[in-house]
Amino acid sequence: MYLKLSQGMDSDKMRDMNKTVLKIFEYAAQKSEPDLPRMKKFLDPDGHWLLAACEKSGKLREYMEALFSEPQTQRQSVYEAFRHDMDFDKNTEEKDGFVFLEDSLDKQIKQKAKQIVLWLYENSFKKKINGERSGYKAFKKSLFFGNVKNPPDICPSCLAFQSNLSKYGEMDHFFPKKEYPALIFHPVNLTCICSVCNGSCVKGQKNPGERNRLWEIYIPYLLAAEEEVVLRIQRDNKGGKEWKGPRIMMVPDKNKKSKYTDKRIDNLDSLFNLSDRWTDEMYRFIMIELDWLKEKAEDEYEKMLRYRSDMAKEIFQNQKWNMVGAVCLSYMADSGLRLVKKYMEMWKEDEEKMKKGN
Ligand SMILES: [Zn+2]
């Protein structure tokens with residue numbers, strides 16, 4: 001996530017859901033049989049949505065029985081892992097040395113625990129129960145309302161415009177459901193992004209914690225890239241990249257940089273392919289600018305570039321959401337006439353080639 005997210009008004013409700021989910025596993029850790037009426041009493045009064053789901057479905061009963069077919073010590077380890085992992089957002093500093101216990105759970109018991117939480121998510125949270133409005137819809141609405149309002153329709157992750165983002169944008173599990181069932185209802189794990197960012201070609205099921213520790217990751221509500229990086233157009237010196245020309249890159253803001261900033265940048269970039277996507281955008285943007293400049297007299301270029309550069313400075317100060325465009329304007333202004341002339345020449349060559357081709 002490039003921009004920092006704020007937790008919506010419904011995040012407390014999600015924390016209550018988390019507590020209820022945890023209670024199920026506490027029950028499973030303590031008891032010897034999956035007695036649903038007793039479990040309902042154990043959950044009361046905060047688990048009313050869950051109780052309705054229990055009543056309705058034989059599936060949940062089946063999944064609970066599958067969980068109870070595992071030894072009690074295994075069920076206790078699930079409860080301990082869930083309880084521990086649900087507090088991940090309070091332990092993100094290096095000194096905490098936090099690692100997710102779910103990563104080391106036995107595969108079979110984890111699978112059984114996951115099918116319970118996933119079932120609740122898909123069948124209870126996302127759908128109407130006994131005519132009640134689903135929590136999912138309300139939560140998604142509050143999330144987008146709180147984070148996509150200034151101006152509307154800019155994805156907090158890639159900063160791209162997507163028409164009617166509140167409707168077509170998606171709620172992403174930052175740490176994927178597949179690997180972190182304890183975080184399925186966690187408000188700090190639910191983010192709003194555009195459908196491109198959430199698609200399988202970009203983030204999809206990627207796990208931010210696969211290669212990095214918690215303090216080496218930008219966690220959208222706690223620490224975001226915008227707080228310690230700036231966007232810049234420069235050549236990528238790291239090698240390995242096919243394209244050696246200038247790219248838009250996230251680089252540490254020298255006044256705010258910490259010793260983990262570089263790792264966090266790499267993590268974010270590999271999750272959302274931001275540098276590649278922004279660089280494509282950059283070439284489109286520069287072409288449009290040059291097309292506009294081409295209409296002016298050549299001796300006006302410099303004045304125009306200065307004017308656009310001032311505009312970029314204003315955008316940097318007031319409109320964080322339009323940063324990719326602002327970075328391009330600054331780059332063009334800083335590169336000055338050299339860049340404009342270079343592109344103009346390339347343009348002419350292309351036009352001549354086209355003419356010859358025809
Ligand atoms: Zn996006």
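**Exercise 1. The two sides of helix H4**

Which residues are exposed on the other side of H4? Work from the buried residues of this predicted model towards the answer.

*Solution.* Begin with helix H4 (residues 58-68), whose buried residues are Leu60, Tyr63, Met64 and Leu67. These residues lie on the same side of H4, because they cover an arc of only 100° around the axis. Turning to the other side of H4, one finds that Gly58 and Arg61 are exposed. The buried side can then be followed outwards through Ile116, which touches Tyr63, Met64 and Leu67, and also Ile24, when residues up to four places away in sequence are not counted.

**Exercise 2. The largest nonpolar core**

Describe the largest nonpolar core by its residues, its helices and its domains.

*Solution.* The largest nonpolar core has 84 residues, and those with the most contacts inside it are Ile116, Cys155, Ile248, Val324, Val327 and Cys328. Its largest share, nine residues, is contributed by helix H13 (residues 323-357). As for the domains, at least three residues of this core come from each of domain 1 (11-198) and domain 2 (228-358). As general background, nonpolar side chains in soluble globular proteins tend to be buried together.

**Exercise 3. Two positive phi values**

Leu159 and Asn273 both have a positive phi without being glycine; place each residue in the chain and decide whether it is buried or partly exposed.

*Solution.* Take Leu159 to begin with, where phi is near 65°; this residue belongs to the loop between helix H7 (135-147) and helix H8 (165-168). Leu159 has 22 other C-beta atoms within 10 Å and therefore counts as buried, since the cut-off for burial is 20 or more. For Asn273, phi is about 45°, and the residue sits in the loop between helix H10 (261-272) and helix H11 (274-294). With 17 other C-beta atoms within 10 Å, Asn273 is partly exposed.

**Exercise 4. Met39 and its surroundings**

Assign Met39 to an element, classify its burial, and give its C-alpha distance to Lys23.

*Solution.* Met39 is part of helix H2, which spans residues 36-43. Because 21 C-beta neighbours lie inside 10 Å, Met39 counts as buried. Met39 and Lys23 are 16 residues apart in sequence, while their C-alpha atoms are 9.0 Å apart in space.

**Exercise 5. A pair of strands**

In which sense do strands S1 and S2 pair, and which residue in S2 stands opposite Met171?

*Solution.* Strand S1 (residues 170-173) pairs with S2 in the antiparallel sense, over four bridges. Across this pairing, the residue opposite Met171 is Cys192 in S2. Within S2 (residues 190-193), Leu190 and Cys192 point one way, whereas Thr191 and Ile193 point the other way, and all are buried. In a regular strand the side chains alternate between the two faces of the sheet.

**Exercise 6. The chain as a whole**

Summarise the composition, burial, contacts and confidence of the protein chain.

*Solution.* The protein chain holds 13 helices and four strands, and of its 358 residues 35% count as buried. Of the contacts with a separation of 6 or more, 70% are accounted for by residues 24 or more positions apart. On confidence, the chain averages a pLDDT of 86, and 89% of the residues score at least 70. Among the elements, the lowest mean pLDDT (65) belongs to helix H3 (residues 48-56) and the highest (98) to helix H5 (residues 72-85).

Key
Residues are numbered from 1 along each chain as its sequence is written. This is a predicted model: local features need pLDDT of at least 70, side-chain atom pairs count only at pLDDT 80 or more; totals for chains, interfaces and linings use all residues. A residue is buried if 20 or more other C-beta atoms lie within 10 Å of its own, exposed if 12 or fewer, and partly exposed in between; C-beta atoms are placed from the backbone. A nonpolar core is a set of buried Ala, Val, Leu, Ile, Met, Phe, Trp, Tyr and Cys residues joined through C-beta atoms within 7 Å. Domain bounds come from an automatic or database domain assignment. Two residues are in contact if their C-beta atoms, placed from the backbone, lie within 7 Å. The arc is that of the directions from the helix axis to the C-beta atoms. pLDDT is the predictor's confidence in each residue, from 0 to 100. Two strands pair if DSSP finds at least two bridges between them.
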